[in-house]
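Good morning, colleagues. Please take a moment to look at the sequence and the model, and then we shall go through them together.

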Amino acid sequence: MSSTTKPFEEKMNASVNHLVHELASIRAGRANPAILDKVAVDYYGSPTPIQQIAAVAVAEARILTISRGTARCSSPSPSNPDQRHRHQPIDDGQVIRLVFPAPTEERRKQLTKDVKKQGEDAKTAVRNIRRDAMDKFKAMKKAGEITEDDQKKLEEETQKLTDKYVKMIDDTCADKNKEIMEV
């Protein structure tokens with residue numbers, strides 16, 4: 001990759017990483033500590049991410065445990081609406097257990113639609129980055145900074161990057177949908 005296309009590749013990579021992070025918080029029927037990434041608890045008067053004050057672990061396939069350690073805090077109350085339903089914490093004073101029921105078939109289908117939408121949004125972001133790159137190359141050619149041949153090479157290189165990242169997005173979404181649809 002040339003140094004001219006490197007910033008655009010980094011932006012495309014950031015779009016894919018953002019998608020991966022967002023998909024990690026979608027519950028697919030198994031306990032996943034990432035689902036608590038957006039949960040903050042009141043810790044001495046200030047909202048604090050739960051991972052900063054407690055150990056979060058997967059005890060069983062559908063059970064997360066939150067060990068408080070020496071921290072004195074109340075049971076978490078998710079701020080993400082997707083996480084509010086059907087998760088009654090079981091608190092024994094030392095460990096909080098979150099039991100995740102298997103999602104219904106209807107819910108799994110809805111989740112796959114959500115994954116598809118997030119994938120499409122990520123692909124749009126990558127394509128917008130490609131458009132910005134193409135515009136920059138045209139401006140560079142017009143300003144006499146690069147030749148027409150250089151412009152064509154940069155455009156081809158950028159298209160290959162776009163294709164690579166769109167495929168990564170498709171693969172990531174397909175993997176997540178497969179995980180969601182497993183019973």
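Which residue of strand 2 stands opposite Tyr 43? The residue is Ser 46. Please bear in mind throughout that this is a predicted model.

Let me remain with that part of the chain. Strand 1, residues 40-43, pairs with strand 2, residues 46-49, through four bridges in the antiparallel sense. Besides the pair just named, Asp 42 has Pro 47 of strand 2 opposite it. The two strands make a hairpin with two residues between them, and Tyr 44 adopts a positive phi near 50 degrees there.

I turn next to the confidence of the prediction. The protein chain has an average pLDDT of 86, and 89% of its residues score at least 70. Which element has the lowest mean pLDDT, and which the highest? The lowest mean, 44, belongs to helix 3, residues 81-84, while the highest, 96, belongs to helix 4, residues 105-142. Across residues 70-85 the pLDDT falls below 50, and this stretch has 31 contacts in the model beyond near neighbours in sequence.

Now to the sheet. Four strands make up an open sheet, ordered 3-4-6-5, with antiparallel pairing. At its edges lie strand 3, residues 55-60, and strand 5, each of which pairs on one side only.

Let us consider the pairings of strand 6, residues 95-99. Its antiparallel partner strand 4, residues 63-67, is joined to it by five bridges. Within this pairing, Ile 63 lies opposite Val 99 of strand 6, and Thr 65 has Arg 97 as its bridge partner. Strand 5, residues 90-91, is also antiparallel to strand 6, with two bridges between them. Here Asp 91 faces Ile 96 of strand 6. How many residues lie between strand 5 and strand 6 in their hairpin? There are three, and in the turn Gly 93 has a positive phi of about 100 degrees.

The remaining topic is the helices. Two packed helices are described by the angle between their axes and the distance between the axes. I shall take three pairs in turn.

The first pair is helix 4 with helix 5, residues 148-181. Their axes approach within 10 Å and cross at roughly 170 degrees. Helix 4 and helix 5 are therefore roughly antiparallel. The residues of their contact comprise 14 nonpolar, seven polar and eleven charged.

The second pair is helix 1, residues 6-24, with helix 4. These axes also come within 10 Å, with a crossing angle of roughly 170 degrees. Helix 1 is thus roughly antiparallel to helix 4. On the side of helix 1, the residues in contact include Phe 8, Met 12 and Leu 19, and on the side of helix 4 they include Val 115, Ala 122 and Ile 129. By class, this contact of helix 1 with helix 4 has eleven nonpolar, three polar and five charged residues.

The third pair is helix 1 with helix 5. Are these helices roughly parallel or roughly antiparallel to each other? Their axes come within 10 Å and cross at roughly 5 degrees, which makes helix 1 roughly parallel to helix 5. Among the residues that form this contact are Val 16, Val 20 and Leu 23 of helix 1, together with Leu 161, Tyr 165 and Met 168 of helix 5. The contact of helix 1 with helix 5 divides into eleven nonpolar, four polar and three charged residues.

Finally, a word on charged side chains. Side chains of opposite charge can pair when their charged atoms come close. The whole structure contains eleven salt bridges. One example joins Glu 105 to Lys 109, whose closest N and O atoms are 3.4 Å apart. Why are Glu 105 and Lys 109 separated by about one helical turn? The reason is that they are four residues apart in helix 4.

Thank you for your attention.

Notes:
Residues are numbered from 1 along each chain as its sequence is written. This is a predicted model: local features need pLDDT of at least 70, side-chain atom pairs count only at pLDDT 80 or more; totals for chains, interfaces and linings use all residues. Side-chain values use heavy atoms; hydrogens and water are left out. pLDDT is the predictor's confidence in each residue, from 0 to 100. Contact means heavy atoms within 4.5 Å. Two strands pair if DSSP finds at least two bridges between them. Axes are lines fitted to C-alpha atoms, for helices over the stretch in contact, and angles run from 0 to 180 degrees between N-to-C directions. Angles under 35 degrees count as roughly parallel, over 145 as roughly antiparallel, 65 to 115 as roughly perpendicular and the rest as oblique. Ala, Val, Leu, Ile, Met, Phe, Trp, Tyr, Cys and Pro count as nonpolar, Asp, Glu, Lys and Arg as charged, and the others, Gly among them, as polar. A salt bridge is a side-chain nitrogen of Lys or Arg within 4 Å of a carboxyl oxygen of Asp or Glu.
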